[in-house]
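Open the model in your viewer and show side chains as sticks. The tour below goes from one selection to the next.

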Amino acid sequence: MEQYFQPNDEAYITDVLSEAVMKTVIKYARKAMDEPENYEARSNLMWSSTVALNYLLTVGKGGARSVHPIEHVISAYYDITHGVGLAVLTPAWMSYVLSDMTAPRFARFAREVFGVEEADNRKAAELGIQKVRAFNQSLEMPATLSEAGVPEDLFDEMASEAVRTSTIAPKAYVRLESSDVKQILLNCK
């Protein structure tokens with residue numbers, strides 16, 4: 001998902017492949033949880049994972065991931081799984097970086113991945129962010145860092161580390177400094 005939001009948004013086939021992977025995960029994730037032996041659900045999720053993690057979806061994109069470096073620091077400090085951290089952080093990051101510049105891209109995501117039919121880009125983007133939250137909730141993921149057992153006492157340190165150990169300041173879709181990362185963390189508490 002993060003490779004979909006990059007400074008270079010002109011890799012059409014990569015975008016369409018990313019959208020297909022995301023739609024597949026949305027279609028099958030809950031089914032796999034409800035029916036652990038469901039081969040169709042499990043095989044489609046495995047195939048989606050293979051496509052997502054083999055660098056195919058980075059072709060023509062460039063840039064840097066935005067949410068992963070923040071989550072890596074959180075899970076380094078606290079006993080939180082990577083997926084849970086990403087589920088909490090991603091919609092908060094999306095809301096934080098939503099602007100006139102990013103609205104068209106987030107609107108495309110909302111329309112293509114979640115079927116949002118809103119014509120106004122800003123409104124479509126906001127609906128897409130709501131859909132991400134609802135999807136995460138449907139998978140019984142925590143919605144906040146406190147629900148995941150992460151207090152706010154180290155947010156300053158974690159924000160600095162996320163920027164120091166990554167390229168989110170110079171290369172991310174929307175460049176993030178420590179103060180931005182701290183605000184995203186605060187928005188997740």
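**Buried charges**

Select Lys61 first: with a relative accessibility of 2%, Lys61 counts as buried. This is a predicted model.

Now add Asp15, whose relative accessibility of 0% also makes it buried. Lys61 and Asp15 form a salt bridge, with 2.7 Å between the closest N and O atoms. Lys61 is in the loop between helix H2 (39–53) and helix H3 (67–77), while Asp15 is in helix H1, so the pair ties together parts 46 residues apart in sequence.

Next, select Arg105, which forms a salt bridge with Asp15, the closest N and O atoms being 2.7 Å apart. Asp15 belongs to helix H1 and Arg105 to helix H5, so this pair ties together parts that are 90 residues apart in sequence. Arg105 is buried, as is Asp15. Add Glu19 and Arg108 to see the network of salt bridges that links them with Asp15, Lys61 and Arg105.

Stay on Arg105 and show Tyr4: the charged end of Arg105 sits over the Tyr4 ring, 4.0 Å from its centre. Tyr4 leads to an aromatic cluster that it forms with Phe5, Trp93, Phe106, Phe109, Phe114 and Tyr173.

The structure holds nine aromatic pairs. Within the selection, look at Phe5 and Phe109: their ring centres are 5.5 Å apart and their planes are at 65°, so the pair is edge-to-face. Phe5 lies in the segment before helix H1 (12–34) and Phe109 in helix H5 (residues 103–114), 104 residues apart. Both are buried.

Finally, select Arg122 and Asp100, whose side chains meet in a salt bridge (3.7 Å, N to O). Arg122 is partly exposed, with a relative accessible area of 33%, and Asp100 is exposed at 72%.

Methods
Residues numbered from 1 in each chain as written. Predicted model: local features only at pLDDT ≥ 70, side-chain atom pairs only at ≥ 80, totals over all residues. Heavy atoms only, no water. Phe/Tyr/Trp six-rings, centres within 6.5 Å; stacked < 30°, edge-to-face > 60°. Helix = DSSP H or I, 4+ residues; strand = E, 2+ residues; numbered from the N terminus. Buried < 20%, exposed > 50% of the residue type's maximum accessible area, 1.4 Å probe, protein only. Lys NZ or Arg CZ within 6 Å of the ring centre and 35° of its normal. Salt bridge = Lys/Arg side-chain N within 4 Å of Asp/Glu carboxyl O.
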